[in-house]
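Please find below a colleague's note on the structure shown here. The points are numbered and may be read in any order.

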Amino acid sequence: MLKALFIVAILIIPSFTFTGGVSAWVTFPSPSTSTLHSSRLVGEGDGKTLVVAGASGYIGKSTVKEAVRQGYKTISLVRSKSSVLSNPSVEPYLLNSEIVETDVTDLNKLKETMKSLGEIDTVISCLASRSGTKRDSYLIDYSATSNFLSASTYCGARHFTLLSAFCCKNPWLQFQQAKLKFEEELEGQKDLTYSIVRPTAFFKSVSGQLEVIQKGAPFVMFGDGAVTRCNPIAEKDLATYLIECGRDEGRMGRVLNLGGPDEPLTMKKQGEMLFKAVGKEENFFYAPLWLFDFIIDNLQRLADLTGLEAIENAAETGRIGKYYAVEDMLTTEPDEKFGTITLQQHYDKIAVEGQEYDPYTTMFAAPKKD
């Protein structure tokens, strides 16, 4: 029992970042033609200014890199310029963009920053709370993102693309409610065209067990390993899609659910793919789903008894883990799939090269030492 509880606990947080807490869509090219399409986009930015908020994050930094490639004058909004420039996992992505320091939680400062950038064509919000807890979610997923919209309107931007989350289609978590509150605000304004992009899952959020199975431990899954299915999308493909929204009228004024090119993948299938990538014999551990309820119920009772926010946050983290253990993150319609990079290709790559350390996903890894 204690072993099972421990395993579930350490898997709860990585489960959350399927989409950064993150979904709904339009007609896309087939996987084979989308690569050709994106290759023709080089230079289509035509030097227009594109601003990315949350530029140092997992999707934000890839979006910056792709925007530069496509010929945009790209502005990367970050909290700390010095931190970005000293971070080897971020700085290379922001090369050739203009890195601008600001505070998205301070509306007046953000307006002043945005106004100083001159004429802005497109803005992309990749802002997302890290924890998914109530305070963090409403501060970032709603309030800071709302500030970014207000500042974008104030400086006369043309189009606003929002990176949201597929899981918002069936909301019962705090971060989902915060995201939906902002989505409603974006849909209700008339000053900018907009696109709301809800990706199913990021590759990094289904890669968190790489290091542990490389060390010989089992791949942990819930139920029989076939409770849920997903088709995650590569950060490069998602970045391309986000940028294209500002030029594709068919994607404007819409909520766009988006997944990658893979067929539906169960958790067990993901494990099989990981073992194939690392060249090890399959070894699975099946954790019962009722453990989530046991953990959540006891944490919530303790939170109600003590009134402590930290315990309430722990209970919410448990609910986040359960959500992704029982809900599909899957698009099945052809126009809700995009990109060419498969999850197996990603696994094969990180099995050889390793992956970037992230305390919210690579739970069994440690930061690389210089």
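1. Basis of the note. The structure is a predicted model. The points below concern two helices, the charged pairs, the aromatic pairs and one loop residue.

2. Burial in helix H5. Helix H5 covers residues 107-115, and its buried residues are Leu 110, Thr 113 and Met 114. Viewed down the helix axis, these buried residues fall within an arc of 95°, so they line one face of H5. Asn 108 and Glu 112, on the other side of H5, are exposed.

3. Surroundings and cap of H5. The buried residues of H5 pack against four strands and a helix, namely strand S1 (49-53), strand S2 (73-78), strand S3 (98-101), strand S4 (122-125) and helix H6 (134-154). The N-terminal end of H5 is capped by Asp 106, which places a side-chain oxygen 3.3 Å from the backbone nitrogen of Asn 108. Asn 108 thus appears twice in this description: its backbone nitrogen takes part in the cap, and the residue is exposed.

4. Salt bridge between Asp 121 and Arg 158. There are 15 salt bridges in the structure. One of them joins the side chains of Asp 121 and Arg 158, with an N to O distance of 2.8 Å. Asp 121 belongs to the loop between H5 and S4, and Arg 158 to the loop between H6 and strand S5 (159-163), so the pair ties together parts that are 37 residues apart in sequence. Asp 121 has a relative accessibility of 13% and counts as buried, whereas Arg 158, at 34%, counts as partly exposed.

5. Salt bridge between Glu 183 and Arg 198. The side chains of Glu 183 and Arg 198 also meet in a salt bridge, at 2.5 Å from N to O. This pair links distant parts of the chain, with Glu 183 in helix H7 (residues 174-188) and Arg 198 in strand S6 (residues 193-199), 15 residues apart. Are these partners buried or exposed? Glu 183 is buried, with a relative accessible area of 3%, and Arg 198 counts as buried at 9% relative accessibility.

6. Further charged groups. Glu 312 and Arg 319 form a salt bridge in which the closest N and O atoms are 3.2 Å apart. Arg 319 is buried, with a relative accessible area of 18%, close to the cut-off of under 20% for that class. Glu 312 is partly exposed, with a relative accessible area of 30%. In addition, a network of salt bridges links Glu 244, Asp 248 and Arg 251.

7. Geometry and burial of helix H7. The 15 residues of H7 should span 21 Å at 1.5 Å a residue, and the end C-alpha atoms are 22 Å apart, which agrees. The buried residues of H7 are Phe 175, Gln 176, Ala 178, Lys 179, Phe 182, Glu 183 and Leu 186. Seen down the axis, they fall within an arc of 160°, so they line one face of H7. Glu 183, the salt-bridge partner of Arg 198, is among these buried residues.

8. Aromatic pair of Tyr 241 and Phe 338. The structure contains 10 aromatic pairs. In one of them, the ring centres of Tyr 241 and Phe 338 are 5.2 Å apart and the planes lie at 65°, so the pair is edge-to-face. The two residues link distant parts of the chain: Tyr 241 is in helix H9 (residues 235-244) and Phe 338 in the loop between helix H12 (309-326) and helix H13 (343-353), 97 residues apart. Tyr 241 counts as buried at 0% relative accessibility, and Phe 338 is buried with a relative accessible area of 3%.

9. Aromatic cluster. Phe 275 and Phe 284 form an edge-to-face pair, 5.6 Å from centre to centre and with 90° between the planes. Both residues are buried. Ring pairs link Phe 275 and Phe 284 with Phe 219 and Tyr 286 into a cluster.

10. Loop residue Ile 341. Ile 341 lies in the loop between H12 and H13, the loop that also holds Phe 338. Ile 341 is partly exposed, with a relative accessible area of 25%. Its C-alpha atom is 7.7 Å from that of Ile 233, although these residues are 108 residues apart in sequence. Leaving aside residues up to four places away in sequence, Ile 341 touches Phe 203, Ala 234, Lys 236, Asp 237 and Pro 261.

Conventions: Residues numbered from 1 in each chain as written. Predicted model: local features only at pLDDT ≥ 70, side-chain atom pairs only at ≥ 80, totals over all residues. Heavy atoms only, no water. Buried < 20%, exposed > 50% of the residue type's maximum accessible area, 1.4 Å probe, protein only. Arc of directions from axis to C-beta. Contact = heavy atoms within 4.5 Å. Polar contact = N/O pair within 3.5 Å; in protein donor to acceptor, adjacent residues only side chain to side chain. Salt bridge = Lys/Arg side-chain N within 4 Å of Asp/Glu carboxyl O. Expected span 1.5 Å × (residues − 1). Phe/Tyr/Trp six-rings, centres within 6.5 Å; stacked < 30°, edge-to-face > 60°.
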